[in-house]
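Trainee: I'm new to this one and would like a close look at a single part of it. Could you walk me through the empty space, and then whatever sits around it?

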Amino acid sequence: MTSSPRRILFVCEGNVCRSPYAAMAFQQQWRAVPSARQTVTASAGTRAPSGALAHEQLRTLGLEAAPLDVHRARSVDDVDLRQQDLVVTMERRHRQAVLERAPQLVRRTFTLGEVARIAEPLLAGGIDTATAHDEFHDLLARFRLAAPAPSSTGPSDDVPDPVRGDGADFRRMATRIDHDLDLLVTLLVRFDAVLADDTRNPGAGR
């Protein structure tokens with residue numbers, strides 16, 4: 001298991017609402033995990049207005065003020081995508097935009113909704129298929145096709161953009177992202193624990 005920082009990039013369109021919220025909310029959750037592996041999050045947009053501030057509505061959603069104060073929108077073109085261990089997009093079209101720029105990241109790039117769909121059955125059934133040679137994206141990619149399809153009555157893989165909406169739209173965005181991040185964080189914690197056990201007991205069978 002590598003001790004280097006894990007890097008997760010969250011991507012939306014403008015990098016002023018969804019992806020900065022997801023990156024900051026993830027960090028707030030991750031810091032509460034005891035002995036968690038160092039994980040660096042960042043965000044970017046497929047059509048970001050460079051230098052734009054985070055949307056003011058994000059200040060009503062329980063995020064810490066300091067990251068909001070320093071956030072400035074940036075394009076995915078200003079990010080070294082090859083350095084990212086995981087790229088999590090807010091919509092399927094954002095995933096496509098990332099892969100047009102870096103097709104080699106096909107096994108590292110997922111929508112947030114897709115991550116949640118993969119995580120739920122893995123958390124219910126265990127992730128003993130992970131090995132000490134795995135990275136987290138390997139696990140997600142391996143179970144991508146086995147994950148249940150989005151329900152016709154449930155949320156899609158796309159997180160709706162609240163940028164032209166009101167406070168209620170932003171609260172719905174936060175509720176949806178928080179739900180999916182809970183699954184992502186829980187799966188990461190479980191995954192890291194399995195890998196740590198494999199490292200301590202390399203000969204143990206599963």
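How many nonpolar, polar and charged residues are there in the lining of the largest pocket?

Mentor: Happy to. Keep in mind that this is a predicted model. By class, you'll find five nonpolar, four polar and five charged residues in the lining of the largest pocket. The pocket itself has a volume of about 200 Å³. There are 14 lining residues, and the ones closest to the centre of the pocket are G113, A116, R117, E120 and P155. Two elements each give two or more residues to that lining: α4, which covers 112-125, and α6, which covers 167-200. The largest share is the four residues from α4.

That's the open space; now for the enclosed kind. Rolling a probe the size of a water molecule over the atoms shows where empty space is left. Searching the whole structure turns up one cavity of 30 Å³ or more. The largest cavity holds about 60 Å³ of space. Go around its wall and you meet R6, I8, R37, D85, L86, E135, F136, H137 and F191. Here the elements that supply two or more residues are β1 (6-12) and α5 (136-143). Sorted by class, this lining has four nonpolar residues, one polar and four charged.

One of those lining residues, L86, takes us straight into strand β3, residues 86-89. In a regular strand the side chains alternate between the two faces of the sheet. Try following that along β3: L86 and V88 are on one side, V87 and T89 are on the other, and all of these are buried, so both faces of the strand are covered.

What lies alongside β3? On one hand there is β1, which runs parallel to β3 and is joined to it by four bridges. To see a point of contact, find L9, which stands opposite V87 of β3. On the other hand there is strand β4, residues 109-111, which also pairs with β3 in the parallel sense, over three bridges. For a spot to look at there, take T89, whose bridge partner in β4 is T111. If you trace the chain from β3 through helix α3 (residues 92-101) to β4, you have followed a right-handed β-α-β unit.

Now back to β1, for some aromatic rings. The structure holds three aromatic pairs. In one of them, the rings of F10 and F26 have centres 6.1 Å apart and planes at 50 degrees, so this pair is tilted. The pair links distant parts of the chain, with F10 in strand β1 and F26 in helix α1 (residues 18-30), 16 residues apart. Are these two buried or exposed? Both F10 and F26 are buried.

F26 has another ring to pair with, that of W30, and this time the pair is stacked: 5.6 Å centre to centre, with 15 degrees between the planes. F26 and W30 are four residues apart in helix α1, so about one helical turn separates them. W30 is buried, as is F26. Put the pieces together and you get one aromatic cluster, made of F10, F26 and W30.

So here's a route to try on your screen. Start at the cavity and pick out L86 in its lining, step across the bridges from β3 to β1, then go from F10 in β1 over to F26 in helix α1.

Terms used: Residues are numbered from 1 along each chain as its sequence is written. This is a predicted model: local features need pLDDT of at least 70, side-chain atom pairs count only at pLDDT 80 or more; totals for chains, interfaces and linings use all residues. Side-chain values use heavy atoms; hydrogens and water are left out. On a 1 Å grid over the protein atoms alone, a cavity is a set of points where a 1.4 Å probe fits but cannot get out, and a pocket is an open set with protein on both sides within 12 Å along at least five of seven lines; lining residues have an atom within 4 Å of a point. Grid points are joined across faces, edges and corners, and a volume is the space filled by probe spheres set on the points. Ala, Val, Leu, Ile, Met, Phe, Trp, Tyr, Cys and Pro count as nonpolar, Asp, Glu, Lys and Arg as charged, and the others, Gly among them, as polar. Rings of Phe, Tyr and Trp (its six-membered ring) pair if their centres lie within 6.5 Å; planes under 30 degrees apart count as stacked, over 60 as edge-to-face and the rest as tilted. Buried means under 20% relative accessible area, exposed over 50%, partly exposed in between (1.4 Å probe, protein chains only). Two strands pair if DSSP finds at least two bridges between them. A crossover is right-handed if, with the strands pointing away from the viewer, the path from the first strand over the helix to the second runs clockwise.
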